[in-house]
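Trainee: Could you take me through one part of this model up close? I'd like to hear about the strand pairing and whatever sits around it.

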Amino acid sequence: MEQTGVTVRPAVESDGPALVAVDVATWSTVVTPGPQPDGEGPFFSERTPPEAVLVCEVDGEVAGYVVLRQEFPMPSHAHVLEIGGLAVGPGAQGRGAGRLLVEAAVEEARRRGAVKLSLRVLGGNDGARRLYERCGFVVEGVLAGEFVLDGAEVDDVLMARRLD
Ligand SMILES: CC(C)(COP(=O)(O)OP(=O)(O)OC[C@H]1O[C@@H](n2cnc3c(N)ncnc32)[C@H](O)[C@@H]1OP(=O)(O)O)[C@@H](O)C(=O)NCCC(=O)NCCS
């Protein structure tokens, strides 16, 4: 997929360090409930192998990623895939890379036979929520006060879109 200066492709093992750097640069308690990454990596793991990741390049540099995987590996849940992570480095934001990554994940989920794509987003992550809404995701539920971040309870919002 391509937009001016922005392309999306499947990840390869050697993308790891650049994707760790994206995680370090984008981490905040507004966008993720996870601990601050130390920058040591590794990015890829058994749960997140390169085959589960699409990366975007902006002006030829790896600038972001989306993780596409099955949350519950059971036959009864095989028709649902989830976006298990999305980030674009600060220097590359606002150029459509985020949207292109989400659209590529939708296309890839369809190609893999999924009929539904789901995700979780923190209640206060307005930018990501707007992006997902623009890409056709709707709120399916809210886990109220699911995380305590900076001393305050934060909701986890469940969003999804049908692919059929
Ligand atoms: C959410 C995130 C991935 C969006 O990435 P992005 O590359 O900036 O996304 P886009 O460029 O597609 O869209 C972002 C904004 O840029 C605007 N935009 C899109 N294409 C554009 C272009 N060609 N030129 C200028 N602006 C553009 C969009 O209108 C959008 O504006 P808005 O949100 O104010 O309405 C990024 O902000 C990020 O990594 N955030 C931290 C991690 C995070 O929150 N991840 C989600 C966890 S659930």
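Mentor: Let's go straight to strand 3 (residues 53-58), which pairs with strand 4 in the antiparallel sense over six bridges. Strands here are DSSP runs of E with at least two residues, helices are runs of H or I with at least four, and both are numbered from the N terminus; two strands pair if DSSP finds at least two bridges between them. Keep in mind that this is a predicted model, where local features need pLDDT of at least 70 and side-chain atom pairs count only at pLDDT 80 or more, while totals for chains, interfaces and linings use all residues. Residues are numbered from 1 along each chain as its sequence is written, and side-chain values use heavy atoms, with hydrogens and water left out.

Within that pairing, Val53 sits opposite Val67 in strand 4. The hairpin of strand 3 and strand 4 has two residues between the strands, and Asp59 is in that loop. Have a look at its backbone: Asp59 isn't a glycine, yet phi is positive, at about 50°. Most residues other than glycine have a negative phi, and most peptide bonds are trans. Asp59 is also exposed, with a relative accessible area of 53%; exposed means over 50%, buried under 20% and partly exposed in between, using a 1.4 Å probe and protein chains only.

Now over to the other neighbour of strand 4. Strand 5 (residues 80-88) pairs with strand 4, antiparallel again, over six bridges, and there Val66 stands opposite Leu86 of strand 5. As for strand 4 itself (residues 61-69), seven of its nine residues are buried, so it is largely enclosed by the rest of the structure.

A couple of backbone details elsewhere go nicely with Asp59. Asp150, in the loop between strand 7 (138-149) and strand 8 (152-162), also has a positive phi, near 50°, and is not a glycine. Asp150 is exposed too, with a relative accessible area of 67%. Then there's the loop between helix 1 (16-26) and strand 3, where you'll find Pro42. The peptide bond joining Gly41 and Pro42 is cis, with omega about 0°.

So, back to your strand pairing: strand 4 has an antiparallel pairing with strand 3 and another with strand 5.
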